Amino acid sequence: MILNEVKFFSDELGFHTSMHVLLPKRTLAEMKSKRKPRYRTLYLLHGHSDDHTAWQRFTSIERYAEGLNLAVVMPAVHLSFYNDMSHGGKYWQFISEEAPTLGREMFSLSSARKDNFVAGLSMGGYGAFKMALTHPDRFAASASLSGALDIQAVVDPNHHRSNKEWQQEMRTVFGDLSKVPNSKHDLFTLAKKAARAPLKPRLYVCCGTEDELHPDNLRFRDAVRKLPLDLTYEEGPGEHDWAYWDKMIQRVLEWMFPR
């Protein structure tokens, strides 16, 4: 595959940023052909303490995607929780509108719903489902690995990792935290809305049983199973770490793109 490091000025963020894009390597004959491909695309989102390089540094995503005729787009969103921040950049507009538009302009990525997929880990699992459930008309499937799927729990002062600094960070992202439940940020609310849509993305959730986010994932699983949504759920031994995610991204690709 071909690795592209894209550095550009983001109109939505107001500063220069980066994303990595993996593309299938075409043969010389294919490159000389007048017929240009429109690649199906996986938007692969990073977690809270990572950046857009993490999936390549800590997994073999390039090797796993080989032969799938798949572009993999990995954008940088810093600590935004894939949101237009209350005090910060418009990362939701960036990830949901600007990055896909730029990618299609530069790399012949397909805009067809059947060719678009989104996945992520931890904060990125939340972002992936937020994208797919907000725009079920744009994505055929979405996957969350150890996702922060219960945002109400994440912003709760009694959450396992909550302290003064965490609460301040969440207010920087979301503003008034009391307004987060049942809002456009709440995946439970978005799932109910998506369940009424004419087009519904397939959903995949996995989480290690030793992961601190395992209870959050169980709550989301149980809520979605009550809705007319296609949810695949897997769990097994594993913690909130790259050993688990490197293994499970292979399962995600098998589920999204069965050979």
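Buried, in what follows, means under 20% relative accessible area. Phe81 has 3% relative accessibility, so Phe81 counts as buried. One remark before the rest: this is a predicted model.

I will stay with Phe81 for a moment. Phe81 sits in the loop between strand 4, residues 70-75, and helix 4, residues 91-107. Its phi is positive, about 55°, although Phe81 is not a glycine. There is a second residue of this kind. Ser108 is not a glycine either, and its phi is near 55°, again positive. Ser108 belongs to the loop between helix 4 and strand 5. With 25% relative accessibility, Ser108 counts as partly exposed.

Now the sheet. Eight strands make up an open sheet, and their order is 1-2-4-3-5-6-7-8, with mixed pairing. At the edges are strand 1, residues 2-10, and strand 8, residues 231-236, each of which pairs on one side only. On average, neighbouring strands are turned by 15° against each other, direction ignored.

Two pairs of strands are worth looking at. Strand 5, residues 116-121, and strand 6, residues 141-145, are parallel and share five bridges. In this pair, Ala119 stands opposite Ala143 of strand 6. What packs on the sheet here, touching strand 5 and strand 6? That is helix 5, residues 123-134, which also touches strand 3 (40-45) and strand 7 (202-208). The direction of helix 5 makes about 155° with that of strand 5.

The other pair is strand 7 and strand 8, which run parallel and are joined by six bridges. Gly208 stands opposite Gly236 in strand 8. Between these two strands the chain passes through helix 9, and the resulting β-α-β crossover is right-handed. Helix 9, residues 214-224, lies across strand 7 and strand 8 and runs at about 150° to strand 8.

One residue of helix 9 is Arg219. Is Arg219 buried, exposed or partly exposed? Its relative accessibility is 36%, so Arg219 counts as partly exposed. Leaving aside residues up to four places away in sequence, Arg219 touches Asp150, Ala153 and Phe188. Arg219 and Leu149 are 70 residues apart in sequence, while their C-alpha atoms are 8.6 Å apart in space.

Last, helix 7, residues 164-174. Which of its residues are buried? They are Trp166, Gln167, Glu169, Met170, Val173 and Phe174. Viewed down the axis of helix 7, these buried residues fall within an arc of 160°, so they line one face of the helix. That buried set packs against helix 5, the helix I placed on the sheet earlier, and against helix 6, residues 151-155. On the face turned away from the buried side, helix 7 carries the exposed residues Lys164 and Glu165.

Both ends of helix 7 deserve a look. At the start, a side-chain oxygen of Asn163 comes to within 3.0 Å of the backbone nitrogen of Glu165. Just after the helix, Gly175 has a positive phi of about 80°.

To recap the packing: helix 5 touches strand 3, strand 5, strand 6 and strand 7, and the buried residues of helix 7 pack against helix 5 and helix 6. At the edge of the sheet, helix 9 lies across strand 7 and strand 8, and strand 8 is an edge strand.

Notes: Residues numbered from 1 in each chain as written. Heavy atoms only, no water. Pairing = 2+ DSSP bridges. Helix = DSSP H or I, 4+ residues; strand = E, 2+ residues; numbered from the N terminus. Axes fitted to C-alpha atoms, helices over the stretch in contact; angles between N-to-C directions. Contact = heavy atoms within 4.5 Å. Buried < 20%, exposed > 50% of the residue type's maximum accessible area, 1.4 Å probe, protein only. Arc of directions from axis to C-beta. Polar contact = N/O pair within 3.5 Å; in protein donor to acceptor, adjacent residues only side chain to side chain. Right-handed = clockwise from strand over helix to strand, strands pointing away.
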